[in-house]
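Let us look at how the labels on a protein model are earned. Each question below asks for a reason, and each answer gives one.

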Amino acid sequence: MQLVSFALAFVLLFGLCWCQHVQPCTESQNYFITTTTGSLGCDSYEGDIVTQWLIELDDNTKKVHLVFTSFETEAEYDTVSIYNGNSVNSRLIGSYSGSLVPGPFVSSANSLLIIFESDDNTEGAGFSAEWNTFGASSPCFNSMVTQLTGAEGNFGCDGYADSLYSSWHIIGDIGERLVLTFDTFSTQPNADFIRVYDGSSDNANLIAEASGYDLPPPVTASSNELYVRFVSDAQTTDSGFHASWEGLVEYSDPCFNSTNLVLVLPEGYLGCPYGYGNNVETSWLIYIRGDFKVHLDFFSISTEEGRDTISLYDGNSTDASLVGVYSGTERPPPFLSSTNSVLLVLNTDSQDTGNGFTATYHQLQVVSEVGCTESGVFTMAEPEGTIGCDGYSSGIRLEWNIESDDPNQVISLSFESFSCEGDLDYLYIFEGNHLLATYTGRDSIPEDVISSSSSLTVRFITQTDSLADDGFFAYYQMIARVEEPVDCMTSHDFELTDFSGDLGCPGYGNNVNVTWAINIEPSFIVKLDFTSFGTQSIFDVVTIYNGNSAAAEVLGSFAGRSTPPTQLSTSNSMFITFVTNESVAKTGFTASYTSIFSGTDTVQCDSSVGLALADLSGSIGCDGYAPNIDSYWMMTAVEGGIVELNFVSFDTEEEYDVVTVRDGSNSNAPLLGSFSGNIIPPPLRSSGNKMHVSFSSDSSTELSGFEAHYNSIANNNTDVIPRCTQSEHYELSEPRGQFGCDGYGNGVDSTWIISLQPGQQITLTVIRFDTEELYDYVKVYDGELARSPLLITISGHHTPPPITSTGSSLFITFHSDSSGTYGGFIFEYEAFVKEDNSCSVDDSHVLTDPFGSFGCDGYADNVEVSWLIQTPGYILLQFERFETESNEDLLTVYNGSDANAEVLAVFSGNSAHAVSSTEGAMYIVFTSDSSVTLHGFQCNYASISIVY
């Protein structure tokens, strides 16, 4: 049955109005609805019918929000189709059948068309839906930027439109830091995204990104501003999200102000990694809900001996058993609580302080509230967990049933300890009714076990006349099934040439050496993803090489229980080795690989690609591009060289189609710059021999694209950055240089002092930064000593903006704790003498760089200052600030090289807009009268490419 494409004909032909409630659908009908809310659907239906509902609102500024509350139709045969408009000629949002509830859905205009069609066979229970309407001014249904202010508040979307690009700029109270918390979250996975930026726009650091149905963790800003962007694609939408923010006083750090904190997550970290203050009494209560114990590990401690103390209690208050009081630098031993609570209290005096302390904790499952003292049966359905008895009584029978709902998974069981009375107390492992293994005694730890199905049963039986012993502890994982297991009981060499495939060892023998050589078609690179991992720590090692043999560059070596990150080759070959020793064998590992196309030179960017470029020089870019592109290029220079990138043309949609350049081989490397619009970016150089360039476009406007040339050049920097394996002190006095740690060891405390000539200042730039988050950190002080004002503390993988001293000295410290180490950091510094921008006397300037800045930091009476800008392209002039005496102190902008050219603009007062020339010259003159003077102005200019 054909639906006429306009509402009046619909009414004339079919003449029915929906009665606003769900009823049985016994025959074909057509309904025309204009009300702003209501319900529709079929409370059961018969075969061979076609029923249609057209919701078309009288107010064309409104949109329709449709939510299904139930859904049960014959799968594939009885379908509900939803059109984004008032006819079947409108865009089809989707067709749905079966028992999965679809939606919700939002129209892009004031109408939605819903059509239900059943075949002539099975009838079903039907479906029901509700609709309401929203104004077009909502940021959830129209792309816009909304400003929110205050110390606290909330926002969100109860449903949202497709093709949305909305933002919320949140401004809290000055002197506070904002914390953003999500209360609900439901967006289309990998399609509709929330992105949170640490500042006033999307040019700030991206600190969180979320998509799907998992509730994101809280996000904390470094200041009183956050910028939240919500982007949806052109397909299905979902029920949206709700979030709230609150301001925290910046100095309410629990290490500097007495605070009581409660930690309820199953694992986490705590402590004072950046030091602590005087007269502080702060407590951390770890409280895990359920039958769990708390395992606490101290990573570091450095407090004033005997004066600044950490007290540890085995319970939830200071009335609980005191485990110990710790101070100084001797690290406390690991601790396992007897209940589900642990309390730490930091007490400091009014004298000296130390470097602080760090600790981590995680939950351990308890068999029962009183331990393994009575029989019981337990079902373990989590993807991973622990089982066991921390001691046990005689005459008990315990059973753990580990069961996965996914038939494509198997169970991996790994023992950490085992000690029971031999020949009396037994541990049995069953798969169904089949006995896999039996263990007793205390001489050795059992071998790992892998089931062949999705369930495993562990049974522990002690005799009535046996003696109690230490018991056992085991860790289980639900891992993907490998359909064709590889024989890793002996050494093998495998050749893999398919476009994609699987590899690994689900179980392995001792003293084996297994290799996989992946060689795919030229113009492709190899991407390797691990799906499970469990080898003997330190001794049974997987190594990945960036080439076709073990002589190639090592991408990474891995052992233990942590799943390695994704590995990416730079050519069409990858070589993997697995080498084991003569002792314990664990569960092994599984991985899959895929091929990614790589190439060179600019192309029409019609689809997303990932390109690893083998040539040492060439061109990259998009000679035009399609919507929703997400592409990248990875360039590699010669060993010891660097990559230089020069843009020759640039034309993308401002803010929405973005080129991002990073100083390394992937999207997690330090940011060199993000660019959009039509201003040619400045030349860029990597600090090492790799550079990563990505381009993403949204779903709307497409422009001419961009082109850039890259080259491998020698690194003329003669500074050699050492690996920091021990504490050192360095003094730097040259006007420019580099320093840092190209990798580092544990327990390092190194310092650098930069001391230059009086009258000079220092700009300190982070070239790359990669340390253990919170525990390994750099501090920069504005002076010659650690008691000088602290400018910044840096830790993790964040690259802050350049740091500027107020005088001629900087003092930098680096501390690493006793655990993990990372890639290190490199700083670059340069001396400068601040320009006199006071505009106190008549002056003239000529500017020839393709981009720059100038202005008057205040000005005198009766001055005339001019600037002549000469560049190859058009000139765009933008103002950061402007304040002159209105109508008296004037800034005049000419479209040419002198005051005889056309006047583009004359500014005075408190505002000035952007100005663009039509040629490669712009002349700017500032004149003041003999009376009032104000703060002046500051502006930036850039050369704009001419795109034909």
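Q: Leaving out residues up to four places away in sequence, which residues does G688 touch?
A: This is a predicted model. In it, G688 touches G641, I642, V643 and D663. Contact here requires heavy atoms within 4.5 Å. G688 lies in the loop between β54 and β55 (690-696).

Q: Why is G688 called partly exposed?
A: Its relative accessibility is 27%. Buried means under 20% and exposed means over 50%, with partly exposed in between. G688 at 27% therefore counts as partly exposed.

Q: What separates the C-alpha atoms of G688 and I767?
A: The separation is 9.5 Å. Along the chain, G688 and I767 are 79 residues apart.

Q: What makes R685 and E644 a salt bridge?
A: The side chains meet at 3.0 Å, N to O. The cut-off is within 4 Å, between a side-chain nitrogen of Lys or Arg and a carboxyl oxygen of Asp or Glu. The pair R685 and E644 is therefore a salt bridge. R685 sits in strand β54 (residues 684-685) and E644 in strand β51 (residues 641-651), 41 residues apart.

Q: Are R685 and E644 buried, partly exposed or exposed?
A: R685 has 46% relative accessibility, so it counts as partly exposed. E644 has 18%, so it counts as buried.

Q: How do you know that R459 and E399 form a salt bridge?
A: Their closest N and O atoms are 2.9 Å apart. The limit is within 4 Å, so the pair R459 and E399 qualifies. R459 lies in strand β36 (residues 455-461) and E399 in strand β31 (residues 397-403), so the bridge ties together parts that are 60 residues apart in sequence.

Q: Why is E399 called buried or exposed?
A: E399 has a relative accessible area of 16%. Buried means under 20%. E399 is therefore buried.

Q: What about R768 and D742: how far apart are the closest N and O atoms of this salt bridge?
A: They are 2.5 Å apart. R768 is in strand β60 (residues 761-770) and D742 in strand β58 (residues 736-742), with their positions 26 residues apart in sequence. R768 counts as partly exposed at 21% relative accessibility. D742 counts as partly exposed at 38%.

Q: Which residues are joined into one network by salt bridges that share partners?
A: The network joins E304, R307 and D349. The structure holds 10 salt bridges.

Q: What makes the largest nonpolar core a core, and which residues have the most contacts inside it?
A: A nonpolar core is a set of buried nonpolar residues joined through side-chain atoms within 4.5 Å. The largest one has 27 residues. Those with the most contacts inside it are F155, W168, I170, L180 and F241. Elements giving two or more residues include β12 (152-158), β13 (165-171) and β14 (176-186). β14 gives the most, with 4 residues.

Q: Which residues is W168 in contact with, leaving aside neighbours within four places in sequence?
A: Among them are P139, C140, F155, C157, Y227 and F241. Another core, of 26 residues, lies apart from the largest one and includes W400, I411, C420 and Y476.

Q: How do you know that β30 and β37 pair?
A: Pairing takes at least two bridges. β30 and strand β37 (residues 471-480) have 7, in the antiparallel sense. One of the matches is D390, whose bridge partner in β37 is G471.

Q: Why are β30 and β35 said to stand at the edges?
A: The open sheet has 4 strands in the order β30-β37-β32-β35, with antiparallel pairing. β30 (384-390) and β35 (449-450) each have a single partner strand, so one side of each is left without a neighbour in the sheet.

Q: What is notable in the phi of D48 and of N862?
A: D48 has a positive phi of about 60° although it is not a glycine. D48 lies in the loop between β3 (38-45) and β4 (50-56). N862, also not a glycine, has a positive phi near 55°. N862 lies in the loop between β67 (851-857) and β68 (864-870).

Q: Why do D48 and N862 count as buried or exposed?
A: Exposed means over 50%. D48 has 58% relative accessibility, so D48 counts as exposed. N862 has 52%, so N862 is exposed.

Conventions. Residues are numbered from 1 along each chain as its sequence is written. This is a predicted model: local features need pLDDT of at least 70, side-chain atom pairs count only at pLDDT 80 or more; totals for chains, interfaces and linings use all residues. Side-chain values use heavy atoms; hydrogens and water are left out. Buried means under 20% relative accessible area, exposed over 50%, partly exposed in between (1.4 Å probe, protein chains only).
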